[in-house]
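Biologist: Could you walk me through a few local features of this chain, starting with the rings?

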Amino acid sequence: MTDEITSPNSSPSPAKPQIGDTRPAPQIGDTRPAPVPAGASGTSKGTPARRRRGGRGRGGQARTAGRASEAPVEASAPVPAEAPGSRSRSRRRGRGGERRSRAQGRYLMCVHATAQATHIATLEGRSMVEYVVAKAADETNQIDGNIYVGRIQNVLPGMELAFVDIGIPKNAVLYRGDVAFDAEDVDGPAPSARRIEEMIRAGQTIICQVTKNAIGAKGARLTQEVSLPGRFAVLVPNSSTIGISKRLPDGERRRLRKIIDDVKPPNHGIIIRTAAEGVAAEDLARDVASLAEKWAAIEAEVARSNQPRLIYRDLDLSVRVLREEFNEDYRAVVIDDRDLYEKVRDYVLAVNPELADRIEYYDPETQDLPLFERYFVHEQLHRALDRKVFLPSGGSLIIERTEALTVVDVNTGKNVGTTNLEETVFRNNLEAAEEVARQLRLRDIGGIIVIDFIDMESKSNRDAVASALRQALSRDKTRTQVFDISELGLVEMTRKRVNEGLLESVSTVCTVCDGRGFLIATGL
């Protein structure tokens, strides 16, 4: 869940153009409008026809495998229903139900499906700002959001955590802060002072939800505070929680606060999402009702058996990204797989029908270039995997990842300035702050991050750079925490880690050097 709640660049060298291609190569940081997506068939106008490269097959959407013996509840798009006065219905009527001109938007989403995974690239103008790899879902990969019946294997008081068997090969981890319990069932001191062994015990059966996928040697992270996200709201079962997204304007928050009591189901909490802005009360009530029905089905499934197993599977990551992100800021979502296109379009028709015509199919059999080549995704992806990033003024960033943290070093490089050293360093650091925020989001770097800005003597300049960094990070939906620049010019920050980073998702560890990047002489 990405919504916060409250309660009541240029590249060092341009990409090599294709032979016969007269289009300009993209530059990192270029926010000019991207090329217009081609139609569903045929080549785009004004583009010279080329022979389609042989051997390119269209990857099908990966199928879900390895289901438990008891069929889990599957997340699905709500059935479209029209309500008088709804926002989508009135908007479609006002526009005649058909768009007369091409949609305008800040972002473009390109979706490339293969047999192994679905690759999702988000472009702002021509510059790629986010890249997500949705691997084939099974019982161990991409399980965040799934709900399980789990059995406590053992409790470690010294670590304030418990290992939980949820029916997959590696036990998941439940920390003390994620334990939910009924105070009447536990004897002892106040809830804040209770130890984890006083709240849960080995052999106990619990309902839990995965909040973080397994990363490396670490097991998946669990919580007993289960939540079911919908398009406009999040249902918190068996809770009194009421919240509204902080990202909504004050006027909209006041409007939603007036109708929240009418749509909130009894005995359950509710959190209103940012996507609910401008949504009619009938649409919001229908979304919450569908979530309540899902929870009733989950409770019925839990009652069947107390064996550790999956009882609710969230939507595929490719559809989840649309649920979390897709809005009027996106001019199009271009998909090169027919099955996935149909699935995504059906979902958008159900939850946001006025945007359904922005879901487009890119047929690789009839287009002259693959989808990622047409929008220069491949070139930008390769740059995003480099350790060195060039800044527009000639400076550079060096990004090094370790097991404990990620280090970003800022250099002036060819940026020699025009006035004095302090001004040159200050301008270079401002550029670096903007680019660091973009790279952290693009590479999906999480955990502890240390940024080594070039030393500045003026405290006002240091404060301005720190402020610029926070402002740039505010556009990132992943939660971050930034501290002030130290006397050594270092900034310590954290970024929440939910999935493996971009590098790990598109690469494998070298079996020769074991990922260290160098070979050790065998004769020593």
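Modeller: We can go through the aromatic pairs and then one helix, bearing in mind that this is a predicted model.

Biologist: How many aromatic pairs are there?

Modeller: The count comes to 4 aromatic pairs; one of them is formed by Tyr-341 and Tyr-361, whose ring centres lie 5.7 Å apart.

Biologist: Is that pair stacked, edge-to-face or tilted, and why?

Modeller: The planes of Tyr-341 and Tyr-361 meet at 40°, and since stacked needs under 30 degrees and edge-to-face over 60, the pair is therefore tilted.

Biologist: Where do the two residues sit?

Modeller: Tyr-341 belongs to helix H6 (residues 338-351) and Tyr-361 to strand S17 (residues 359-361), so that the pair links distant parts of the chain, 20 residues apart.

Biologist: Buried or exposed, those two tyrosines?

Modeller: Tyr-341 has a relative accessible area of 12% and is buried, and Tyr-361, at 7%, counts as buried too. Arg-338 also lies over the face of Tyr-361, at 4.0 Å from the ring centre.

Biologist: Which residues do ring pairs link into a cluster?

Modeller: That cluster is made up of Tyr-107, Phe-326 and Tyr-330.

Biologist: Switching to helix H9, what span should its 23 residues have?

Modeller: At 1.5 Å a residue, H9 (residues 421-443) should span 33 Å, and this agrees with the 31 Å between its end C-alpha atoms.

Biologist: And what happens at the start of H9, and what follows it?

Modeller: At the start, a side-chain oxygen of Asn-420 comes to within 3.2 Å of the backbone nitrogen of Glu-422, while H9 is followed by Asp-444, which has a positive phi, near 50°.

Definitions and conventions: Residues are numbered from 1 along each chain as its sequence is written. This is a predicted model: local features need pLDDT of at least 70, side-chain atom pairs count only at pLDDT 80 or more; totals for chains, interfaces and linings use all residues. Side-chain values use heavy atoms; hydrogens and water are left out. Helices (H or I, at least four residues) and strands (E, at least two) are DSSP runs, numbered from the N terminus. The expected span of a helix is 1.5 Å times one less than its number of residues. A polar contact is a pair of N or O atoms within 3.5 Å; within protein, one must be able to donate a hydrogen and the other to accept it, and residues adjacent in sequence count only if both atoms are side-chain atoms. Rings of Phe, Tyr and Trp (its six-membered ring) pair if their centres lie within 6.5 Å; planes under 30 degrees apart count as stacked, over 60 as edge-to-face and the rest as tilted. Buried means under 20% relative accessible area, exposed over 50%, partly exposed in between (1.4 Å probe, protein chains only). A charge sits over a ring if NZ of Lys or CZ of Arg is within 6 Å of the ring centre and within 35 degrees of the ring normal.
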